[in-house]
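Trainee: I should like to learn how salt bridges and pockets are read from a model. Could we begin with the surroundings of a single side chain?

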Amino acid sequence: MAVTPPDEMMFGRRTKITRGMKIGAALSLLLLAALITIIVFPITATTPAWVEPLQTNVYGFMARISPYILVGLLGSTVAIAELVSTFQTYPREALRTRWAWILIAVNVVAAMIALVVVRVTMTEMNPSLQILSVGVGFQAIIRTRFVLAKRIGGDGEEGEVALNLGWLYDQFQNLARTQIDLELMNNRRTAVTRLLDYYPSMAELYDIAWYTITARATLTREQEDQRKADLEKLLDPKAPENFAKSSIALMILENGGQAYVELLLTQAMQNLSPEAMAMGKPSSADKLLWELIENYSLPEMVTLAEKLCTSDKAVTYVRDAAQPDPQANTANQKATIAHFLVQQIGLEPLQKALAERGRE
Amino acid sequence: MKRFELEEEERKVLQTLAKRGAMSPSEVAAETWTLPGKTLTVLRELSSAGFVLLRDDTNSPDGMLVAITSQARGYLNGSLA
């Protein structure tokens, strides 16, 4: 199992927030702050003479470009809302993909071009109305199919005369959705594979999935019950084991999101670190269990219990559990006694006993 | 799921599974101080009544996994009793 440091953990390809982007965002904020300061700067008798013309020019410039910024913001809001509603399970991850940025940019640019067209062709129109009609109306128009005539009694689109202004946008939106889904698919597969690497036990995966569904605050009671029922179906004995495990891991991802899976992986990595191993974290209990089962026969396990258990009742239980039983096989008996010994005696004495046996 | 009167051992097994989550039958046996053969018999009965899910698991030392169902949780909480 490859252990990757937590700071290197990232699923598949995604648009990274680079240093350049951060610098760009900081510069934009600084520019905005400077423009606002210039506009609201109070002109008094002591103010230098060059400030007033600068303020007038900046105000004029802002007055010219603010309608475009406003319609651009409205366009981007609509595009973000579309993306978030389409990818409800992974909204944050979807917004970080390249095609999401392209879709938002197309909406912004299209809205700005529409405003230019409206301003050129409808010069008499009130400027506020221009912004409103483009910001809201244009977004609605490019997503609308107008039915001009419809056959009487006709069902569906057959026989309709329609003007589909949204066709072009539909095609582009479908392309963007497919590309975002493919990019997320890559991320999902990586996350599921890594969950299976670090949580190989189906019992542990099942418990995590159950807890994840229970812990979701936004699910209604019906949704929660439905998801738990779906989870239980995955434990169907007829379902192949690998399929069941992958599906449970995918369920954890879909219910908890990518950040939650990253947290689970980080925790698993910490438990697998040499420091955690030295402290006897759960993973070493599992290892000890397997070593007991593989290295001891049933009579030897009874002898070990007689040697290490302080309670007569516990020794009696181990003796009874080691008796031949038609209802249980040896593997089941050994596993039961191994679990029992770990519970009753603890890790350290058993580890010592195993080490002594190894030396002998 | 038909009406089911739980015996003491069955109730103990279900309470362990509800409290501790999914585990192997051998772990259930060790937790409840029940003998392995008896535990498997109880789990099979509970499985046929729809109270637990029992399936193969190669990662478990005894090759099996058992988990409590939502219906059994409801039963334990008294909602179906």
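Mentor: We may begin with A:Asp181 in this predicted model. The residue is partly exposed, with a relative accessible area of 35%.

Trainee: With which residue does A:Asp181 form a salt bridge?

Mentor: The partner is A:Arg188, and the closest N and O atoms are 3.4 Å apart.

Trainee: Is A:Arg188 buried or exposed?

Mentor: A:Arg188 is buried, because its relative accessible area is 13% and the cut-off for burial is under 20%.

Trainee: How many salt bridges does the structure hold over all chains?

Mentor: There are 10. Another of them pairs A:Arg319 with A:Glu306, at 3.0 Å between the closest N and O atoms. This pair links distant parts of the chain, since A:Arg319 belongs to helix H14 (residues 312-322) of chain A and A:Glu306 to helix H13 (residues 298-308) of chain A, with their positions 13 residues apart in the numbering. A:Arg319 is partly exposed at 38% relative accessible area, and A:Glu306 is partly exposed at 40%.

Trainee: Which residue of chain B meets B:Lys38 in a salt bridge?

Mentor: B:Glu9 does, with an N to O distance of 3.4 Å. B:Lys38 sits in helix H3 (residues 36-48) of chain B and B:Glu9 in helix H1 (residues 8-20) of chain B, so the bridge ties together parts that are 29 residues apart in sequence. B:Lys38 has a relative accessible area of 36% and is partly exposed; B:Glu9, at 30%, also counts as partly exposed. Elsewhere, B:Arg20, B:Glu27 and B:Glu31 are joined into one network by salt bridges that share partners.

Trainee: Let us turn to pockets. How is empty space found?

Mentor: A probe the size of a water molecule is rolled over the atoms, and this shows where empty space is left. In this structure, the second largest pocket holds about 230 Å³ of space. Its lining has 11 residues, and those closest to the centre are A:Arg221, A:Asp225, A:Lys228, B:Ser70 and B:Arg73.

Trainee: Which helices each supply at least two residues of that lining?

Mentor: They are helix H8 (221-233) of chain A and helix H4 (70-76) of chain B. The largest share, five residues, comes from H8(A).

Trainee: How many nonpolar, polar and charged residues does the lining of the second largest pocket have?

Mentor: By class, the lining has two nonpolar, four polar and five charged residues.

How values were computed
Residues numbered from 1 in each chain as written. Chains lettered and ligands numbered in written order. Predicted model: local features only at pLDDT ≥ 70, side-chain atom pairs only at ≥ 80, totals over all residues. Heavy atoms only, no water. 1 Å grid on protein atoms, 1.4 Å probe; cavity = no way out; pocket = protein on both sides within 12 Å on 5 of 7 lines; lining within 4 Å. Points joined across faces, edges and corners; volume = space filled by probe spheres on them. Helix = DSSP H or I, 4+ residues; strand = E, 2+ residues; numbered from the N terminus. Nonpolar A, V, L, I, M, F, W, Y, C, P; charged D, E, K, R; others polar. Salt bridge = Lys/Arg side-chain N within 4 Å of Asp/Glu carboxyl O. Buried < 20%, exposed > 50% of the residue type's maximum accessible area, 1.4 Å probe, protein only.
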